[in-house]
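Got your viewer open and your mouse ready? Let's take a walk through this protein, one selection at a time.

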Amino acid sequence: MKPSSSLLLLGLIALLANPAALSAAKKSEEEKAGAVLFRDKGCTYCHGVGGVGTKKAPSLIDLPKDKTWTPEKITSQILNGGQKMPPFRESVTDEDVTDLIAYLRAKSKPVPPPATTQDSAPASSPQ
């Protein structure tokens, strides 16, 4: 076995032997996916970039500290809306909600990568 293969195998064994590391890695991925969803689903339009709040909607940056906003309450708010917030039941999956909650509850919110844009130029047609 090559030395690099041995190191990779040892790293994988160490990761699998440490469930907390696996959980932290999964949580980090959910937070990153949630950051992208927060941007792409239009949450930033009302709540601002990073959830800092705007005139349209309140700040969400204190959610990690606010114990009254349980995951169940956040789920209900996302799915059913409330006050001025529209419901998103028809436009998010259960996994999306899990990722959004992970992002909203993150103490250090990840910044989503730049949005990719599709080339909107029409394909040339054969003549």
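Before you start clicking, keep in mind that you're looking at a predicted model.

**Stop 1: the core**

Select Phe38, Ile74, Ile78, Val92, Val97 and Leu104. These are the residues with the most contacts inside the largest nonpolar core, which has 16 residues. Now colour helices α2, α4 (71–80) and α5 (94–105), the elements that give two or more residues to this core. Which of them provides the largest share? That would be α5, with five residues.

Zoom in on Val97 next. Leaving out residues up to four places away in sequence, Val97 touches Thr75, Ile78, Leu79 and Val92. Two of those names, Ile78 and Val92, were in your opening selection too.

**Stop 2: Glu30**

Move over to helix α2 and pick Glu30. Is Glu30 buried or exposed? Glu30 is buried, with a relative accessible area of 18%; the cut-off for buried is under 20%. Show what surrounds Glu30 and, beyond its neighbours within four places in sequence, you'll find contacts with Thr98, Asp99 and Ala102.

**Stop 3: the salt bridges**

Time to hunt for charged pairs. How many salt bridges are there? The count is three, so let's visit each, keeping in mind that the N and O atoms have to be within 4 Å.

- Stay in helix α2 and select Glu29 and Lys32. Their closest N and O atoms are 3.8 Å apart, and the pair forms a salt bridge. Why can these two pair up along the helix? Glu29 and Lys32 sit three residues apart in α2 (residues 19–40), so about one helical turn separates them. Lys32 is partly exposed, at 43% relative accessible area.
- Select Arg39 and Asp40. Their side chains meet in a salt bridge with an N to O distance of 2.7 Å. Asp40 is partly exposed at 49% relative accessibility, and Arg39 also counts as partly exposed, at 23%.
- Finally, select Asp62 and Lys65, whose side chains form a salt bridge at 3.6 Å, N to O. Lys65 is exposed, with 65% relative accessibility, while Asp62 is partly exposed at 47%.

**Stop 4: Pro87 in its loop**

Follow the chain into the loop between α4 and α5 and click on Pro87. Pro87 is exposed, with a relative accessible area of 53%. What does Pro87 touch, not counting residues up to four places away in sequence? The list is Ile78, Leu79, Asn80 and Gly81. Try the distance tool here as well: the C-alpha atoms of Pro87 and Gln77 are separated by 7.5 Å, though these residues are 10 apart along the chain.

**Stop 5: two cysteines**

For the last stop, select Cys43 and Cys46. A disulfide is a covalent bond between the sulfur atoms of two cysteines. How many disulfides does this model have? The count is zero. Why is Cys43 not bonded to Cys46? The closest cysteine sulfur to that of Cys43 belongs to Cys46, and at 8.6 Å it is too far for a bond, because a disulfide needs sulfur atoms within 2.5 Å. Cys46 is therefore in no disulfide either, with the sulfur of Cys43 as its nearest cysteine sulfur. Before you leave, compare their surroundings: Cys43 is buried at 16% relative accessible area, whereas Cys46 is partly exposed at 27%.

Methods:
Residues numbered from 1 in each chain as written. Predicted model: local features only at pLDDT ≥ 70, side-chain atom pairs only at ≥ 80, totals over all residues. Heavy atoms only, no water. Helix = DSSP H or I, 4+ residues; strand = E, 2+ residues; numbered from the N terminus. Buried < 20%, exposed > 50% of the residue type's maximum accessible area, 1.4 Å probe, protein only. Core = buried A, V, L, I, M, F, W, Y, C linked by side-chain atoms within 4.5 Å. Contact = heavy atoms within 4.5 Å.
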